[in-house]
2 protein chains.
Amino acid sequence: MATGRTHRTATRSRGIPEATVARLPLYLRALTALSERSVPTVSSEELAAAAGVNSAKLRKDFSYLGSYGTRGVGYDVEYLVYQISRELGLTQDWPVVIVGIGNLGAALANYGGFASRGFRVAALIDADPAMAGKPVAGIPVQHTDELEKIIDDNGVSIGVIATPAGAAQQVCERLVAAGVTSILNFAPTVLSVPDGVDVRKVDLSIELQILAFHEQRKAGEEAEAQADAVLAAEAEAAAAKGAGKGPDGDVPAVMPA
Amino acid sequence: MATGRTHRTATRSRGIPEATVARLPLYLRALTALSERSVPTVSSEELAAAAGVNSAKLRKDFSYLGSYGTRGVGYDVEYLVYQISRELGLTQDWPVVIVGIGNLGAALANYGGFASRGFRVAALIDADPAMAGKPVAGIPVQHTDELEKIIDDNGVSIGVIATPAGAAQQVCERLVAAGVTSILNFAPTVLSVPDGVDVRKVDLSIELQILAFHEQRKAGEEAEAQADAVLAAEAEAAAAKGAGKGPDGDVPAVMPA
DNA sequence: ATGTCTTTGTGAACGCGTGCACAAAGATGG
DNA sequence: CCATCTTTGTGCACGCGTTCACAAAGACAT
């Protein structure tokens with residue numbers, strides 16, 4: 001990850017741990033919901049439950065931002081919403097471009113969660129000339145040729161890549177060359193970028209594969225825990241059918257030549 | 001999740017670290033690409049570069065699976081593809097259902113990365129009666145009423161939730177009650193599930209918010225003083241705007257410099 | 001004021017993940 | 001068969017993140 005190689009890290013004295021930063025949006029979402037219900041204050045215990053984390057972790061996370069709570073009472077919801085928004089940089093407007101307006105790109109363009117959090121879709125870009133001018137989510141798609149001009153004109157520093165894997169690296173390089181320094185990558189490829197550029201990736205199939213691993217493990221444990229003859233038979237049948245795991249190592253399908 | 005009892009048997013049979021599991025799909029993708037180029041063997045250094053990780057980390061990851069490499073040579077690509085696929089449970093077929101066929105759900109249904117890795121979209125489910133029967137990605141959408149029957153008939157254990165936030169928890173509960181034990185959640189909500197059910201979440205706006213944080217760090221160094229001045233004014237406005245403050249009343253309007 | 005009660009903020013211990021560095025293993029060449 | 005060279009597999013140390021547990025801080029009642 002690019003963060004690992006950060007030269008002269010923490011340009012700021014107060015370094016907020018990466019894990020904490022990743023949770024701040026979670027807290028913000030829970031707090032926004034409370035704010036809409038006009039809840040004035042919330043305890044770390046309540047907020048932690050709403051955000052799905054441990055309360056001690058939440059308190060420690062907030063401690064990195066400062067002492068914004070009141071002992072014996074909790075946290076002021078409105079105030080905390082503001083503080084976290086400020087810390088995340090959401091009090092300013094972030095123009096973003098989405099490159100690759102396929103199914104996913106269109107879904108992203110229509111996604112309401114962006115606009116509500118200070119992100120503004122400045123442009124949609126696609127390589128297909130047939131797409132040019134066609135409105136998606138009320139925004140006309142522009143051709144890739146315009147990429148550099150769009151970035152420059154709108155002062156875009158955040159780009160979203162939703163192209164096929166084959167085009168991602170090239171698009172990435174053009175974005176970076178044009179001035180983009182943060183990239184959200186949906187293409188199933190490892191992007192290589194120069195220092196100073198942040199990349200976050202979202203790979204849909206990877207998430208499913210991780211789930212499949214745990215699912216397989218659960219099935220195996222279940223059969224193992226209940227030493228039931230029927231379940232054991234099913235497990236063997238499944239193993240034989242799909243080359244699953246046996247009692248020990250399995251027979252390799254292909255051996256080194 | 002509120003319960004917090006996530007890990008049942010952290011290291012049971014063969015304790016593969018969670019971090020390693022999360023990287024296996026990455027290796028698999030790189031290996032598949034090599035396989036398609038008919039590359040017979042690959043060194044840890046090369047593969048690590050292709051996967052975007054450290055070579056020592058990769059070797060340690062593989063060591064959890066067993067000793068599949070040959071010293072002085074590297075790893076047999078085909079053999080490793082099979083071993084990782086088996087470990088991830090991708091040698092068997094995983095029927096999945098997608099609930100919520102909006103823009104995102106449709107994009108997921110069309111996503112090619114699923115089918116190519118052993119995942120089969122068994123059904124698309126939506127609450128809108130107008131959607132029923134309409135084909136998306138060649139699969140007719142079915143109404144939510146059929147949810148339990150679909151899960152049962154197809155032996156589905158993995159569900160994808162792409163509904164609006166408000167409907168997610170309810171859908172989740174129905175999925176779990178019907179037998180689903182792994183959920184990939186795209187709705188911006190914290191799902192609470194019973195023990196034994198795995199949930200992975202993908203929140204598009206959270207990723208952007210994390211990028212915005214780093215972007216602000218990068219860009220906000222020289223303009224820091226000016227920004228702070230503006231933000232301080234906004235802080236007062238925000239504090240004054242707070243309506244129902246309750247009995248406690250006073251809220252600190254400015255944070256310590 | 002004073003005591004009690006609630007909740008924050010944090011010091012400290014612990015566990016996990018990462019990266020270094022190197023010995024062991026095996027291929028390769030003479 | 002031996003020497004050399006390449007690359008794996010891993011012991012070890014370190015740093016980050018998580019969790020516990022508790023003292024300090026403040027609200028609230030009397």
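**Figure 1. Around DNA strand D, 25 residues gather.** The closest of them are Arg23(A), Arg71(A), Ser44(B), Arg71(B) and Tyr75(B), so you can spot both protein chains in this list. Keep in mind that this is a predicted model. If you look at the atoms of DNA strand D within 4 Å of the protein, 62% are sugar or phosphate atoms, and bases make up the rest. Sorted by residue kind, the surface near DNA strand D has 7 nonpolar, 9 polar and 9 charged residues.**Figure 2. A closer look at individual contacts with DNA strand D.** Start with the phosphates: one phosphate oxygen of DNA strand D is 2.7 Å from an N or O atom in the side chain of Tyr75(B). On chain A, the side chain of Lys57(A) has an N or O atom 3.3 Å from a phosphate oxygen of this DNA strand. A base takes part too: a base nitrogen of DNA strand D is 3.5 Å from an N or O atom in the side chain of Arg59(A). Now zoom out to the elements that give two or more residues to the surface near DNA strand D. Chain A brings helix 1 (18–36) and helix 3, while chain B brings helix 3, strand 2 (69–70) and strand 3 (74–76). Which element gives the most to this surface? That's helix 3 of chain A, with 4 residues.

**Figure 3. DNA strand C and the 25 residues that surround it.** Here the closest residues are Ser44(A), Tyr75(A), Arg23(B), Lys57(B) and Arg71(B). Of the atoms of DNA strand C that come within 4 Å of the protein, 65% belong to sugar and phosphate. The residues of the surface near this DNA strand split into 7 nonpolar, 9 polar and 9 charged. Several elements each supply at least two of these residues. From chain A come helix 3 (55–65), strand 2 (69–70) and strand 3 (74–76), and from chain B come helix 1 (18–36) and helix 3 (55–65). Helix 3 of chain B gives the most, with 4 residues.

**Figure 4. Backbone and side-chain contacts with DNA strand C.** Two of the contacts here use the protein backbone. A polar backbone atom of Ser44(A) lies 2.5 Å from a phosphate oxygen of DNA strand C, and a polar backbone atom of Gly69(A) lies 3.0 Å from a phosphate oxygen of that DNA strand. Lys60(B) uses its side chain instead: a polar atom there is 2.8 Å from a base oxygen of DNA strand C.

**Figure 5. Strand 4 of chain A, with both faces covered.** First, some background on the chain: chain A has 10 helices and 10 strands, and buried residues make up 46% of its 257 residues. Is strand 4 (residues 94–99) mostly covered or mostly uncovered? It's mostly covered, with 6 of its 6 residues buried. On one side you'll find Trp94(A), Val96(A) and Ile98(A), and on the other Pro95(A), Val97(A) and Val99(A).

**Figure 6. The strands that pair with strand 4 of chain A include strand 5 and strand 8.** Strand 5 (residues 119–126) runs parallel to strand 4, and 6 bridges link the two. Look for Val99(A), which stands opposite Ile125(A) of strand 5. Strand 8 (residues 158–161) also runs parallel to strand 4, joined by 4 bridges. In that pairing, Val97(A) has Gly159(A) as its bridge partner.

**Figure 7. Strand 7 of chain B pairs with strand 5 and strand 6.** With strand 5 (residues 119–126), strand 7 (residues 139–143) pairs in the parallel sense over 3 bridges. Leu124(B) has Val141(B) as its bridge partner there. With strand 6 (residues 135–136), the pairing is antiparallel over 2 bridges, and Val136(B) partners with Ile139(B). Strands 6 and 7 form a hairpin with 2 residues between them, and Ala137(B) in the turn has a positive phi of about 55 degrees.

**Figure 8. Asn185(B), a buried residue in strand 9 of chain B.** Why does Asn185(B) count as buried? Because its relative accessibility is 2%, which means it falls under the 20% cut-off. Strand 9 covers residues 182–185. The side chain of Asn185(B) reaches the backbone oxygen of Thr189(B) at 3.1 Å. Leaving out residues up to four places away in sequence, Asn185(B) touches Ile161(B), Leu191(B), Val199(B), Arg200(B), Lys201(B) and Val202(B).

Note on methods. Residues numbered from 1 in each chain as written. Chains lettered and ligands numbered in written order. Predicted model: local features only at pLDDT ≥ 70, side-chain atom pairs only at ≥ 80, totals over all residues. Heavy atoms only, no water. Buried < 20%, exposed > 50% of the residue type's maximum accessible area, 1.4 Å probe, protein only. Pairing = 2+ DSSP bridges. Near = heavy atom within 4 Å. Polar contact = N/O pair within 3.5 Å; in protein donor to acceptor, adjacent residues only side chain to side chain. Nonpolar A, V, L, I, M, F, W, Y, C, P; charged D, E, K, R; others polar. Contact = heavy atoms within 4.5 Å.
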